[in-house]
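This briefing concerns a single protein chain. The sequence and the three-dimensional structure are shown first, and the notes come after them.

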Amino acid sequence: MAGTLPVPSVTDEYAQRVTKDLSENRGEQERVRAEVARLQSELAALEESEVLLTKMQEVLGGAPKSPTKKKAKSKVAAVPAARFNSETPTVKGRKSGRKAGVQKKASPRKPGEPTWLDRTTVYLAAQSEPKSAAEVASALADAHPERTVPAAVVRNALEQGVAQGRVERSEQGRSVFYTFIAAAAPESPDPVQS
């Protein structure tokens with residue numbers, strides 16, 4: 001039995017595999033660090049170009065559209081925010097090019113005037129088919145030119161009507177339509193039971 005070779009143990013195989021995996025992991029970390037460093041230097045060059053272009057724009061008479069804010073540099077690379085053009089709708093359906101603070105505000109309601117919920121349900125009650133919030137808002141704006149009618153206020157009123165059981169919401173694909181729910185007639189007392 002002098003010619004037999006020792007059989008490697010399972011522990012030795014796992015130790016070799018872990019050593020190999022650890023080496024690959026460290027190599028990948030170095031590659032990613034180099035990529036981050038390259039991207040950070042590219043970002044710094046773009047920021048310097050932006051400063052120069054902004055100054056040139058000011059000299060030429062055009063005011064910069066959005067002043068840049070310098071961010072503190074850190075060793076950890078930040079993930080950039082998603083970029084949207086003005087035609088890309090955001091999650092809430094508002095165009096991302098619009099500023100949140102620029103929304104139209106609803107005119108205040110005078111005492112005794114019907115609420116937006118009342119106005120939306122009266123409008124929907126007169127309709128023979130479901131209407132979208134935009135259609136309702138447009139119709140109310142036409143019917144009440146003296147009042148500012150933001151679509152968000154109408155949508156909230158419609159959702160309030162849904163919560164109160166006055167309006168029914170139906171979805172067709174990505175579109176939402178609203179229908180007035182006629183109040184159920186009260187049941188007449190059973191003449192048999194007196």
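The notes below are grouped by topic, from the overall fold to individual contacts.

The model is predicted. It contains four helices and three strands, and along the sequence these elements follow the pattern α-α-β-α-α-β-β. Of the 194 residues in the protein, buried residues make up 14%.

**Sheet architecture**

- The three strands form an open sheet in the order β1-β3-β2, with antiparallel pairing. β1 and β2 are the edge strands, as each of them pairs on one side only.
- Strands of a sheet pair through backbone hydrogen bonds, and the pairing may be parallel or antiparallel.
- Strand β1 (residues 131-132) is joined to strand β3 (residues 175-180) by two bridges, and the two strands run antiparallel. Within this pairing, tyrosine 178 in β3 is the bridge partner of lysine 131.
- Six bridges join β2 to β3, again in an antiparallel arrangement. Glutamate 171 has valine 176 in β3 as its bridge partner, and glutamine 172 stands opposite serine 175 in β3.
- β2 and β3 form a hairpin with two residues between them. In the turn, glycine 173 has a positive phi of about 70°.
- Serine 170 is located in strand β2 and is partly exposed, at a relative accessible area of 25%. Its C-alpha lies 9.8 Å from that of lysine 131, although serine 170 and lysine 131 are 39 residues apart in sequence.

**Salt bridges**

- The count of salt bridges in the model comes to eight.
- Aspartate 118 and arginine 166 meet through their side chains in a salt bridge, with an N to O distance of 3.2 Å. Aspartate 118 belongs to helix α2 (residues 116-125) and arginine 166 to the loop between α4 (151-164) and β2 (167-172), so this pair ties together parts that are 48 residues apart in sequence.
- Aspartate 118 is partly exposed, with 28% relative accessibility. Arginine 166 is likewise partly exposed, with a relative accessible area of 28%.
- Glutamate 159 and arginine 169 form a salt bridge through their side chains, at 2.4 Å from N to O. Because glutamate 159 lies in helix α4 and arginine 169 in strand β2, the pair ties together parts that are ten residues apart in sequence.
- Glutamate 159 counts as partly exposed at 28% relative accessibility, and arginine 169 counts as partly exposed at 37%.
- Glutamate 129 and lysine 131 also meet in a side-chain salt bridge, at 3.9 Å from N to O; the distance falls inside the cut-off, which is within 4 Å.
- Glutamate 129 is partly exposed, with a relative accessible area of 47%. Lysine 131 is buried, since its relative accessible area is 14% and buried means under 20%.
- Glu35, Arg38 and Glu42 are linked with one another in a network of salt bridges.

**Aromatic residues**

- The count of aromatic pairs comes to zero.
- A contact between a charge and a ring is nevertheless present: the charged end of arginine 119 sits over the ring of tryptophan 116, 5.3 Å from the centre of that ring.

**Nonpolar surface**

- Leu52, Leu53 and Met56 form a nonpolar patch on the surface. Together these residues have about 310 Å² of accessible area.
- Leucine 53, one of the patch residues, is placed in helix α1 (residues 10-59). Leucine 53 is exposed because its relative accessible area is 54%, and exposed means over 50%.

**Points to locate in the structure**

- Lysine 131 appears in two of the topics above: its bridge partner in β3 is tyrosine 178, and its side chain meets that of glutamate 129 in a salt bridge.
- Strand β2 contains arginine 169, which meets glutamate 159 of helix α4, and also serine 170. As an edge strand, β2 pairs on one side only, and its partner in the hairpin is β3.
- Helix α2 spans residues 116-125 and holds aspartate 118, whose side chain meets that of arginine 166.

Technical notes
Residues numbered from 1 in each chain as written. Predicted model: local features only at pLDDT ≥ 70, side-chain atom pairs only at ≥ 80, totals over all residues. Heavy atoms only, no water. Buried < 20%, exposed > 50% of the residue type's maximum accessible area, 1.4 Å probe, protein only. Phe/Tyr/Trp six-rings, centres within 6.5 Å; stacked < 30°, edge-to-face > 60°. Lys NZ or Arg CZ within 6 Å of the ring centre and 35° of its normal. Pairing = 2+ DSSP bridges. Patch = residues over 30% accessible without salt bridge, like charges linked within 9 Å, V, L, I, M, F, W, Y side chains within 5 Å. Areas by Shrake-Rupley, 256 points an atom, 1.4 Å probe, with all protein chains shown as cover.
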